[in-house]
Amino acid sequence: DFDKNNITVNVIGQSGLVLHRQNGDGTMHLIAMFNFTEHELECPVPSYSTTWRKLLDSRENQWLEVPENVDKVYPLNVHSGQILRLLPLSVSVYSI
């Protein structure tokens with residue numbers, strides 16, 4: 001469903017954005033949080049659901065051209081209102 005009424009984007013200053021997409025009846029949601037800078041950004045987790053489950057984390061070694069010893073990855077689950085620190089130059093995708 002690509003209805004423009006089912007997609008919203010909120011900017012995080014000039015450094016990032018949060019894209020929210022839902023299906024037509026509002027039962028399935030997806031958020032993609034982008035950080036375009038080399039610094040961490042704080043972003044509150046949207047309140048469309050109480051708990052979100054991670055689908056993709058661009059900081060995981062499977063997505064890196066040169067694997068790193070990365071201690072920082074996004075949590076598997078996040079909760080509505082939680083402040084998530086968006087890692088530099090990354091995207092994380094969560095769904096309900």
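In which strand is Gln-22 found? Gln-22 belongs to strand S2, which covers residues 16-22, where strands (E, at least two residues) and helices (H or I, at least four) are DSSP runs numbered from the N terminus. The model discussed here is predicted, so that local features need pLDDT of at least 70 and side-chain atom pairs count only at pLDDT 80 or more, while totals for chains, interfaces and linings use all residues. Residues are numbered from 1 along each chain as its sequence is written, and side-chain values use heavy atoms, with hydrogens and water left out.

**Overall fold**

The protein chain contains zero helices and eight strands, which gives the pattern β-β-β-β-β-β-β-β when read along the sequence. Its C-alpha atoms fill a box of roughly 40 × 25 × 25 Å along the principal axes. The radius of gyration of the protein chain is 14 Å, which agrees with the value near 12 Å for a compact globule of 96 residues; this radius is taken over C-alpha atoms, and the globule rule is 2.2 Å times the number of residues to the power 0.38. Of the 96 residues, 36% are buried, a term that means under 20% relative accessible area, with exposed meaning over 50% and partly exposed lying in between (1.4 Å probe, protein chains only). Among contacts with a separation of 6 or more, 53% come from residues 24 or more positions apart, contact being defined as heavy atoms within 4.5 Å.

**Around Gln-22**

The side chains of Gln-22 and His-29 are joined by a polar contact of 3.5 Å. A polar contact is a pair of N or O atoms within 3.5 Å; within protein, one atom must be able to donate a hydrogen and the other to accept it, and residues adjacent in sequence count only if both atoms are side-chain atoms. When residues up to four places away in sequence are not counted, Gln-22 touches Asn-6, Met-28 and His-29.

**Salt bridges**

Side chains of opposite charge can pair when their charged atoms come close. The structure holds four salt bridges, each a side-chain nitrogen of Lys or Arg within 4 Å of a carboxyl oxygen of Asp or Glu. The table gives three examples.

| Salt bridge | N to O distance |
|---|---|
| Glu-40 and Arg-85 | 2.7 Å |
| Glu-42 and Arg-85 | 2.8 Å |
| Lys-54 and Glu-60 | 3.1 Å |

Glu-40 forms a salt bridge with Arg-85, and this pair links distant parts of the chain, 45 residues apart, with Glu-40 in the loop between strand S3 (29-35) and strand S4 (41-44) and Arg-85 in strand S7 (residues 83-86). Glu-42 also meets Arg-85 in a salt bridge, and that pair likewise links distant parts of the chain, since Glu-42 is in strand S4 and Arg-85 in strand S7, 43 residues apart. Glu-40, Glu-42 and Arg-85 are thus linked in a network of salt bridges. Within this network, Glu-40 is partly exposed at 25% relative accessibility, and Arg-85 is partly exposed with a relative accessible area of 41%. In the pair formed by Lys-54 and Glu-60, Lys-54 is buried at 13%, whereas Glu-60 is partly exposed at 23%.

**Nonpolar core**

A nonpolar core is a set of buried Ala, Val, Leu, Ile, Met, Phe, Trp, Tyr and Cys residues joined through side-chain atoms within 4.5 Å. The largest one has 14 residues, and those with the most contacts inside it are Met-33, Leu-84, Leu-86 and Tyr-94. Strands S3, S4 and S7 each supply at least two residues of this core. Leaving aside neighbours within four places in sequence, the residues in contact with Leu-84 include Met-33, Leu-41, Cys-43, Val-45 and Tyr-94.

**Aromatic pair and Leu-76**

A search of the whole structure finds one aromatic pair. Phe-34 and Phe-36 form this pair, which is stacked, with 5.9 Å from centre to centre and 15° between the planes; rings of Phe, Tyr and Trp (its six-membered ring) pair if their centres lie within 6.5 Å, and planes under 30 degrees apart count as stacked, over 60 as edge-to-face and the rest as tilted. Phe-34 is partly exposed at 25%, whereas Phe-36 is exposed at 51%.

Leu-76 lies in the loop between strand S5 (51-57) and strand S6 (77-79) and is partly exposed at 42% relative accessibility. Beyond its neighbours within four places in sequence, Leu-76 is in contact with Trp-52, Arg-53, Lys-54 and Tyr-94. The C-alpha atoms of Leu-76 and Phe-36 are separated by 22 Å.
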